Amino acid sequence: MIRHSLIMMMAWMGLALSMLLSVFLPAHAQTLRLDITSGQVAPIPIAIADFTGPDGVPTNVGRQIAQIISDDLISSGQFKSVDSAAFITPPDSPDIRPDFNDWVPLGVQGLLVGSAYIDDGGALQIEFVLWDVVAQRDITSGEGSTDENGLRRLSHQIADFVYEEFTGDSAYFDTQIVYVSESGPADRRIKRLAIMDQDGHNHRFLTSGNDLVLTPRFSPQAHEIAYVNYFNDEPNVYLLDVALGRTERVGSFPGMTFAPRFSPDGDALIMSLAEDGATDIFALDLKTQQLSQLTRSPSIDTSPSYSPDGSQIVFNSDRGGSQQLYVMSENGRGVQRISYGEGRYATPVWSPRGDIIAFTKIVRGEFFIGVMNKDGSGERLLARGYLVEGPTWAPNGRVLMYFKQEPREADGSGGEVALYRVDITGFNESRIITPADASDPAWSPLLR
Amino acid sequence: MNELAQQSQQDKKREEAANGVLQNLAKIQKTKEAEKKQAQKVKKQDAQQKVATNVSNVISGVQQKTDAKPSIEPIGISELDRVRMHIASKWNPPPAAAGADKLKVDIYVRLEPDGSVTEASIVDTKRYDANKTYRAAANAALRAVLDASPLPLPREKYDQWREFIFGFDPRFISR
């Protein structure tokens with residue numbers, strides 16, 4: 001606070017002087033207008049200092065925190081961080097205004113300084129300040145405390161602050177991924193639900209592996225997961241309470257249910273129900289258990305996904321002869337085909353921003369992950385592989401995660417399945433490390 | 001049953017830990033309020049000194065004007081283009097702003113005769129305070145101006161360019 005009032009005072013003195021001066025300015029001086037319409041598109045250079053203890057020396061937890069924040073920001077592709085070895089004067093406290101002359105030469109736009117230490121009561125105390133190095137002022141700051149188990153989470157939240165201030169977008173680091181962990185030989189594959197932080201840490205299993213599971217999807221509050229469970233070889237939609245670990249089958253319908261997804265308000269589940277050779281899309285009101293049929297065709301209609309405002313649904317159907325994407329209103333009216341490219345289209349997912357739809361595309365045996373506008377125009381392919389499938393959106397709609405399988409060799413080797421993510425620009429594809437093979441990821445909403 | 005009780009106890013603990021983090025985060029005090037005010041008027045720390053220099057510059061400017069050669073031409077498009085390109089080389093518009101057609105940021109700038117920036121301020125402070133994306137865009141525009149200082153402008157025409165409003169328009173930028 002002290003530093004603010006000092007700067008403000010100096011600024012005000014300067015202002016007062018210049019007001020006096022304006023009397024002497026030539027009368028014809030005018031303000032020119034100039035528009036800047038081009039710029040540089042590059043990652044934002046930023047310095048992240050190790051968080052220090054009360055003695056000004058980096059602590060173990062402080063180094064971990066800086067590393068987590070740095071990894072988050074770099075993984076987004078929107079930032080690059082400067083190696084701390086290049087720092088001229090490593091900061092020793094977030095309470096001291098940095099000497100910007102030490103930071104300008106590094107070419108950084110932001111500087112994150114923080115303290116982090118375990119206090120006598122065993123609590124982790126954290127404080128941070130984010131500085132704008134060019135404008136030489138602080139942008140945001142904060143403090144908090146947690147037990148040591150909260151270290152990673154708090155670090156992700158600080159990374160979220162930095163991300164939002166510099167990109168102007170909502171962030172996505174304090175999020176989780178639920179996915180299907182796979183192990184064992186192809187004919188006796190064990191598939192378990194697993195959950196982890198978006199960076200792959202804090203991994204744990206949610207189901208035992210006794211039953212085969214598929215397509216987990218988070219509820220809008222991330223408290224529940226809808227998924228398909230094969231019990232007695234029959235697939236049906238189940239709900240899992242993440243905190244309690246309890247699962248229950250959703251309703252009891254004739255035929256099989258699969259491909260569940262929550263409505264944006266969390267009050268309904270949309271899914272496919274297969275009976276007597278036809279597969280149609282139904283919405284289930286979770287409060288009243290009332291089931292409404294949205295499509296009626298002899299074809300296979302599946303993979304439904306709501307628009308973020310809940311007014312429309314995108315799904316895939318082979319009603320036109322090949323598997324293509326269709327959009328309809330939430331009550332099933334006004335069905336319109338939107339995909340017209342070569343090949344087949346599957347697993348459409350509406351972006352949280354509402355403007356585009358991600359999908360899996362299969363052309364001549366090759367798989368792609370792509371996006372298109374909600375009217376089907378502007379198709380762009382972002383990733384390809386022997387098998388890539390099942391895109392899921394980061395909650396800010398800037399990053400997609402999906403799974404990729406390598407081809408299986410004649411000798412039985414290969415065939416690994418792993419999670420990957422990529423920017424919607426198609427850049428920055430990277431693998432998420434998991435303990436075993438991994439498929440069917442779903443990204444949680446922002447947890448905070 | 002025991003196992004279940006244990007499990008639910010564990011879960012409760014986990015939940016409490018999570019709640020703890022949240023509660024603590026609620027404590028996070030953003031200093032943005034103070035910063036917003038400051039952002040409206042970013043000045044270098046040696047503002048007084050600069051203003052003092054300004055006085056002598058203005059005085060010499062006035063003198064120059066009295067015996068100014070009538071041959072000084074109005075500032076031209078090529079001279080302004082040079083400034084535009086120079087600032088564009090320093091402008092890294094944030095991802096959320098790129099391509100947006102309603103996120104133009106006006107920055108008011110006062111300059112010294114050597115082209116250095118003495119003052120740069122965000123014009124639309126209301127929107128700056130209200131909108132996260134605009135704030136990021138405005139901060140990036142402000143950084144571009146400060147980073148571009150001094151601007152390459154002809155000293156003899158200082159009377160014509162001592163004040164600018166730069167409009168940073170990201171609509172044609174794809175990211």
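This is a short walk through a predicted model with two chains, A and B.

Hi everyone, thanks for coming. Please keep in mind throughout that we are looking at a predicted model. I'll begin with each chain as a whole, then go to the sheets, the cores and a handful of single residues.

Let's take chain A. Its secondary structure comes to three helices and 30 strands. Chain A has 448 residues, and 55% of them count as buried. The area that chain A exposes is about 19,100 Å², with 50% of it supplied by carbon and sulfur atoms. If you take contacts between residues at least 6 apart in the sequence of chain A, 43% of them join residues at least 24 apart.

Now chain B. Here we have seven helices and three strands, and along the sequence they follow the pattern α-α-α-α-β-β-α-α-α-β. Chain B has 175 residues, of which 49% are buried. Its exposed area is about 9,100 Å², and carbon and sulfur atoms supply 50% of that. What share of the contacts in chain B, between residues at least 6 apart in sequence, join residues at least 24 apart? For chain B that share is 78%.

On to the sheets, and back to chain A. One open sheet has four strands in the order 10-11-12-13, paired antiparallel. Which strands sit at its edges? They are strand 10, residues 212–218, and strand 13, residues 246–249, each of which pairs on one side only. On average, neighbouring strands in this sheet are turned by 30° against each other, direction ignored.

Look at the middle of that sheet with me. Strand 11 of chain A, residues 224–231, and strand 12 of chain A, residues 234–241, run antiparallel and are joined by eight bridges. For one pair you can pick out on screen, N229(A) has N236(A) in strand 12 as its bridge partner. The loop between strand 11 and strand 12 of chain A holds D233(A). D233(A) has a phi near 65°, which is a positive value in a residue other than glycine. Is D233(A) buried or exposed? With a relative accessibility of 73%, D233(A) counts as exposed.

T347(A) makes a nice companion to that. T347(A) also has a positive phi, about 40°, although it is not a glycine. T347(A) lies in strand 22 of chain A, residues 344–350, and T347(A) is buried, with a relative accessible area of 17%.

There is another open sheet in chain A, with four strands in the order 9-8-7-30 and antiparallel pairing. Strand 9, residues 204–205, and strand 30, residues 437–443, each have a single partner strand, so one side of each is left without a neighbour in the sheet. Strand 7, residues 176–183, pairs with strand 8, residues 190–197, through eight bridges in the antiparallel sense. Within that pairing, the bridge partner of I177(A) in strand 8 is M196(A).

Now for the cores. As a general point, nonpolar side chains in soluble globular proteins tend to be buried together. In this model the largest nonpolar core has 60 residues, and those with the most contacts inside it are F51(A), I69(A), L73(A), L112(A) and L419(A). Helix 3 of chain A, residues 151–167, gives this core its largest share, eight residues. Where does the core lie with respect to domain 1 and domain 2 of chain A? Both domain 1, residues 44–167, and domain 2, residues 177–443, give residues to it, so the core lies between them. Apart from it there is another core of 39 residues, including V105(B), A120(B), A144(B) and Y158(B).

A few loops to finish. V82(A) is in the loop between strand 3 and strand 4 of chain A. Beyond its neighbours within four places in sequence, V82(A) is in contact with I46(A), F87(A), L106(A) and V108(A). V82(A) and I46(A) are 36 residues apart in sequence, with 6.3 Å between their C-alpha atoms.

G321(A) is in the loop between strand 19 and strand 20 of chain A. G321(A) counts as exposed, at 66% relative accessibility. Its C-alpha atom is 9.0 Å from that of S299(A), 22 residues away along the chain.

Last stop, chain B. P150(B) is found in the loop between helix 6 and helix 7, and the peptide bond from S149(B) to P150(B) is cis, with omega near 0°. Thanks for listening!

Notes
Residues numbered from 1 in each chain as written. Predicted model: local features only at pLDDT ≥ 70, side-chain atom pairs only at ≥ 80, totals over all residues. Heavy atoms only, no water. Pairing = 2+ DSSP bridges. Helix = DSSP H or I, 4+ residues; strand = E, 2+ residues; numbered from the N terminus. Axes fitted to C-alpha atoms, helices over the stretch in contact; angles between N-to-C directions. Buried < 20%, exposed > 50% of the residue type's maximum accessible area, 1.4 Å probe, protein only. Contact = heavy atoms within 4.5 Å. Core = buried A, V, L, I, M, F, W, Y, C linked by side-chain atoms within 4.5 Å. Domains from an automatic or database assignment. Areas by Shrake-Rupley, 256 points an atom, 1.4 Å probe, with all protein chains shown as cover.
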